[in-house]
Structure formats: structure tokens, C-alpha cells
Amino acid sequence: MTARRGSAGCTTVRPGSPTPVNQDGRGSAELIHAGVVVGVGARAGVSADAVLAAVDAVVPAGAVVTGLVTLDRRAAEPGVQQAVAARGWSLAGLAAEELAAVAVPTPSARVAAAVGTPSVAEAAALAGVATSSSPRPWSAR
């Protein structure tokens, strides 16, 4: 994985990533509270270890992560749910249509073709911040 700082203040990690959701596999960015909100894009079958490693790679030392936001179908992934449970984070899963409505600096035609939105990690982080009191969006994808 490599990390880079995006123009919207989001840190991006490539490739595979993690994300947050409720116990029922669905969620809302409104579940995220003060702290760092992490947007995660992941492939089906992602492991909890991969999610946690991606988040740890982008979150600065000393930052307090309070929640993960991701694509709704990825929020239902066992690896994602195990990762957020292990750290006590909130998890929110947003529909592709909701994520597609968020303007991002680095949209991807490949991601759009695969999941119906040109961004998952960046859009999820920005959507989570828009409905929380946290001024710091971070994304892992």
C-alpha cells in the first residue's frame, strides 16, 4: 500500500481498504461523532486485519478515530464489522447514490463502473465529516 495526501485534505491509501457500519450492516454518517472519521473503500472479502492496517496507515499518531464510513454493501462485510468492533468505532454504510453525490478531487471511472460511484473512500470520509463535528476527513482505499 502507498499513502498520499489528497488535495481535499484526505489521505488516500491504495489498494484495498476498510470502512464502518452498524451491526445490521447499514448505517448513516450521522452515527459518527467528534473525532476522526475514516472513509474506507474495500473489495469483497476484505479482512479485519487489512481494514485496520489501512486505517492505521492514514491516521496520524495521536488522532482519535471514532468512526468508519463506507459503501453500504461493504459495511456488511464480516472483516469490516470485525475491525470496527475490535476498536469500538461507529460504522456507517452509505448507498452508492449518496456517495456519488459528494464532490471529490480524484474521481475514478474504474470505481464508478465497479460499484456505481466514482469514489468510495474520499466521498465516504467527506460525507461523514459533513454530518459530524469532526473537521478532519481521512480516507483509506
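**View 1. The buried and exposed faces of helix H3 in this predicted model.** In helix H3, which spans residues 78-87, the residues that count as buried are Gly79, Val80, Ala83 and Val84. Seen down the axis of H3, these buried residues fall within an arc of 130°, so they line one face of the helix. The face of H3 turned away from that buried side carries Ala85 and Ala86, which are exposed. On the covered side, the buried residues of H3 pack against several elements, namely H1, E4, helix H2 (72-75) and E5. After H3 comes Gly88, a residue whose phi is positive, with a value near 75°.

**View 2. The buried side of helix H1.** Helix H1 is formed by residues 48-58, and within it Ala48, Val51, Leu52, Ala54, Val55 and Val58 are buried. Around the helix axis these residues cover an arc of only 160°, which puts them on the same side of H1.

**View 3. Strands E3, E4 and E5, with the crossover through H1.** Strand E3 (residues 36-40) is joined to E4 by 5 bridges, and the two strands run parallel. Within this pairing, Val40 stands opposite Thr70, a residue of E4. From E3 the chain passes through helix H1 and on to E4, and the β-α-β crossover made in this way is right-handed. Strand E4, which takes in residues 65-71, also pairs with E5, again in the parallel sense and over 5 bridges. Here Gly67 is the residue that stands opposite Ser90 in E5. Both of these strands are mostly covered, since a residue counts as buried when its relative accessible area is under 20%: in E4, 7 of its 7 residues are buried, and in E5 (residues 90-94) 4 of its 5 residues are buried.

**View 4. The largest nonpolar core and another core apart from it.** The largest nonpolar core has 19 residues, and those with the most contacts inside it are Val38, Val51, Val55, Val65, Leu68 and Trp89. Two or more residues of this core are given by each of the elements E3, H1, E4 and helix H3. The greatest contribution to the core is that of H1, which gives 5 residues. Apart from this core lies another one of 13 residues, and among its members are Val69, Leu94, Val104 and Val115.

**View 5. The surroundings of Ala123 in helix H6.** Ala123 is found in helix H6, a helix formed by residues 121-130. With a relative accessible area of 0%, Ala123 is buried, because the limit for that term is under 20%. When its neighbours within four places in sequence are left aside, Ala123 is in contact with Leu99, Val102 and Val104. Although Ala123 and Val69 are 54 residues apart in sequence, their C-alpha atoms are 9.1 Å apart in space.

**View 6. Glu97, an exposed residue in helix H4.** Glu97 has its place in helix H4, which covers residues 96-100. Its relative accessibility is 61%, so Glu97 counts as exposed, a term that applies over 50%. Between the C-alpha atoms of Glu97 and Leu71 the separation is 9.8 Å, while the two residues are 26 residues apart along the chain.

**View 7. The whole protein, shown as a setting for the close-up views.** The protein contains 6 helices and 6 strands, and when these are read along the sequence they follow the pattern β-β-β-α-β-α-α-β-α-α-α-β. The protein has 141 residues, of which 51% count as buried. Among the contacts in the protein with a separation of 6 or more, residues 24 or more positions apart account for 69%. The protein exposes about 6,100 Å², and carbon and sulfur atoms supply 55% of this area.

How values were computed: Residues are numbered from 1 along each chain as its sequence is written. This is a predicted model: local features need pLDDT of at least 70, side-chain atom pairs count only at pLDDT 80 or more; totals for chains, interfaces and linings use all residues. Side-chain values use heavy atoms; hydrogens and water are left out. Buried means under 20% relative accessible area, exposed over 50%, partly exposed in between (1.4 Å probe, protein chains only). Two strands pair if DSSP finds at least two bridges between them. A crossover is right-handed if, with the strands pointing away from the viewer, the path from the first strand over the helix to the second runs clockwise. A nonpolar core is a set of buried Ala, Val, Leu, Ile, Met, Phe, Trp, Tyr and Cys residues joined through side-chain atoms within 4.5 Å. Contact means heavy atoms within 4.5 Å. Accessible areas come from the Shrake-Rupley method with a 1.4 Å probe; for residues, only the protein chains shown count as cover. The arc is that of the directions from the helix axis to the C-beta atoms.
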